[in-house]
Amino acid sequence: MSARVIDGKARAARLRQSVAHAAGKLKREHGLVPGLAVVLVGEDPASQVYVSNKVRQTQECGMRSIEHLLPEATSEAELLALVDRLNADPQVDGILVQMPLPSHIDSDRIVLAIDPAKDVDGLHPVNAGRIVLGKEGLVPCTPQGCVILAKEELGNLSGLNAVVLGRSILVGKPVALLLQNENCTVTMAHSRTRDIAALCRTADLLVAAVGRPEMVKGDWIKPGATVIDVGINRVEAPEKGPGKTKLVGDVDYEGAARVAGAITPVPGGVGPMTIACLLANTVRAACRIRGIEEPAI
Ligand SMILES: Nc1nc2c(c(=O)[nH]1)N[C@@H](CN(C=O)c1ccc(C(=O)N[C@@H](CCC(=O)O)C(=O)O)cc1)CN2
């Protein structure tokens, strides 16, 4: 058996098209061009790539993107002052502060300072609380991407046994809540879980978000299950030559693909959905701030 590949790149491209369509409608019908402020502190090379992709893709969808590139030495007070200005700026509908921040800045304080209505990353406790309550809010991008890909493969998720590996605030916890809101029976597994392999074998839908390269083996997977791999781990790849590296997920892809019914690859699975969901959240935020009906995305 060889699992179907859930193509996150293609799904993200379709979502971006849908965002561009919605942005066009807002411009035509309301003269509204949503604006996303993207804030980067420091010069982390991976973050620079993510930020420039976010800015470019926002513009390609017909929205405005305002980039704030700040030096590594920026103080927490300076960043808080910028967030305050962006909160008050009517041209800004969404605020994204790229993570991780330098260690001298408390990221929790920064996230807490963002107006929840502009929190297109969905990280503010108000938006996290809305997921807990099952109420409409801004849903964090990577967890949102996981659910879209699972639905793409399975349609209705209601009644499925879902196991979420990992309990991080950024991915594991929100994914588990979103799946509960989809009427899955959800179990969360973590480093203290007893016989994690046996638990994973009960899952119709397995979401791996532990940040440990290829931890989930083929014999952890129930035959025919859907596997969503959130991990993006850079590891050495001696087979590609000395000093070369490659990206792998939290799932041993080859082993898992022999057993699963469907699986997301790494790269090209959940990762591309993150930015596409950010763009969708920017449209939603712009509409909700103004009380405009949201175009379908
Ligand atoms: N404020 C935020 N910071 C960070 C987030 C976030 O959602 N909000 N997530 C990550 C980084 N990230 C976006 O910011 C991100 C990560 C990965 C991808 C992606 O498309 N990955 C590709 C592989 C890319 C590669 O070749 O290196 C894939 O998986 O196919 C997009 C966005 C941390 N910070």
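**View 1. The open sheet of six strands in this predicted model.** The strands follow the order E1-E11-E8-E7-E5-E6, and their pairing is parallel. Strand E1 (4–5) and strand E6 (185–189) stand at the edges, where each has a single partner strand, so one side of each is left without a neighbour in the sheet.

**View 2. The pairing of strands E5 and E7 within the sheet.** Strand E5, formed by residues 161–165, runs parallel to strand E7, formed by residues 205–208, and four bridges join the two. At one of these positions Leu-165 has Ala-208 in E7 as its bridge partner.

**View 3. Helices H6 and H7 with the strands that they touch or lie across.** Helix H6 (residues 141–154) packs on the sheet and touches E1, E7, strand E8 (226–229) and strand E11 (262–263), while its direction makes about 155 degrees with that of E8. Helix H7 (residues 172–181) lies across E5, E6 and E7, and runs at about 165 degrees to E6.

**View 4. The surroundings of the ligand.** The ligand is surrounded by 13 residues, of which the closest are Lys-54, Val-97, Met-99, Asp-121 and Gly-268. A polar backbone atom of Met-99 is 2.9 Å from a nitrogen atom of the ligand, and a polar backbone atom of Gly-268 is 2.6 Å from an oxygen atom of the ligand. For Pro-272, a backbone N or O atom lies 3.3 Å from an oxygen atom of the ligand. Of the 690 Å² of accessible area that the ligand has on its own, the protein covers 73%.

Note on methods. Residues numbered from 1 in each chain as written. Predicted model: local features only at pLDDT ≥ 70, side-chain atom pairs only at ≥ 80, totals over all residues. Heavy atoms only, no water. Pairing = 2+ DSSP bridges. Contact = heavy atoms within 4.5 Å. Axes fitted to C-alpha atoms, helices over the stretch in contact; angles between N-to-C directions. Near = heavy atom within 4 Å. Polar contact = N/O pair within 3.5 Å; in protein donor to acceptor, adjacent residues only side chain to side chain. Areas by Shrake-Rupley, 256 points an atom, 1.4 Å probe, with all protein chains shown as cover.
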